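User: I am a first-year student and should like a close look at a single part of this structure. Please choose one element, describe its geometry and its surroundings, and explain each term as it arises.

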Amino acid sequence: MIIIIDNGIVYFLEVPKEGKNVFKGELTLEDWKEIGIDTATGATLSSISATAIYGLTNFAQMSAPLAGAFVSAGMEVASLVKSWNRGEISSEEFVELSLFACADSAIVATGAAIGQALIPVPVIGAVIGSIAGRIVSDFCKNLLIRRKYKTV
């Protein structure tokens, strides 16, 4: 179910950016092929993520927010490894971006844990804490980026 919602959101956010209206039949065969491939890729990655989170929560006895953060960081670093292997990013960029990915996941997981502790309603506390953690993480990222460009 989450896979369908996730891919549906991505679809309806991306297609209008291309200036095409799906309800007026403005998509070509190539557009539909691209949508199908993107949907299959997204579904596969979502399935892998869900399976990994399930395994970590049930077999490693991790909390769901911590397992989600762990999987999120792992997938982000795997994507960076792919970019590094293709030569798209340097070793320094790889290390820096990996650090950001892992710190981001850690901050969001910490926010989820704090939110669940402060709001002991199942799921709601963790979701609110995750959102707060994401806001803090984005603020810190923006602050670091501004500092980096001031010194350069």
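Analyst: The part chosen is helix α3, residues 64–85. At 1.5 Å a residue, its 22 residues should span 32 Å, and the end C-alpha atoms are 31 Å apart, which agrees. The expected span is 1.5 Å times one less than the number of residues. Helices (H or I, at least four residues) and strands (E, at least two) are DSSP runs, numbered from the N terminus.

The model is predicted: local features need pLDDT of at least 70 and side-chain atom pairs count only at pLDDT 80 or more, while totals for chains, interfaces and linings use all residues. Residues are numbered from 1 along each chain as its sequence is written, and side-chain values use heavy atoms, with hydrogens and water left out.

As for the setting of α3, the chain comes to five helices and zero strands, in the order α-α-α-α-α. Of its 152 residues, 22% count as buried. Buried means under 20% relative accessible area, exposed over 50%, and partly exposed in between (1.4 Å probe, protein chains only).

Within α3, the residues Ala 67, Ala 69, Val 71, Ala 73, Leu 80 and Ser 83 are buried. The elements that cover these buried residues include α2 (29–59) and α4 (91–118). An α-helix has 3.6 residues a turn, so residues three or four places apart point the same way.

The packing of α3 on α4 can be described further. Two packed helices are described by the angle between their axes and the distance between the axes. For α3 and α4 the angle is about 165° and the axes are 9 Å apart. That makes α3 roughly antiparallel to α4. Here axes are lines fitted to C-alpha atoms, for helices over the stretch in contact, and angles run from 0 to 180 degrees between N-to-C directions. Angles under 35 degrees count as roughly parallel, over 145 as roughly antiparallel, 65 to 115 as roughly perpendicular and the rest as oblique.

On the side of α3, the residues that make this contact include Pro 65, Leu 66, Ala 69, Ala 73, Leu 80 and Trp 84. On the side of α4, they include Phe 94, Leu 97, Cys 102, Ala 109 and Ala 112. Contact means heavy atoms within 4.5 Å.

One partner from this interface, Ala 112, lies in helix α4. Ala 112 is buried, with a relative accessible area of 1%. Apart from neighbours within four places in sequence, Ala 112 is in contact with Pro 65, Gly 125, Ala 126, Gly 129 and Ser 130. The C-alpha atoms of Ala 112 and Gly 133 are separated by 7.1 Å, although these residues are 21 residues apart along the chain.

The two ends of α3 also deserve attention. Most residues other than glycine have a negative phi. Gln 61 has a positive phi, near 55°, and is a residue other than glycine. Gln 61 is placed in the loop between α2 and α3, and this residue is exposed, with a relative accessible area of 64%. Just after α3, Gly 87 takes a positive phi of about 85°.

A further positive phi, about 75°, belongs to Val 123, which is not a glycine. Val 123 is placed in the loop between α4 and α5 (124–151) and counts as exposed at 57% relative accessibility.
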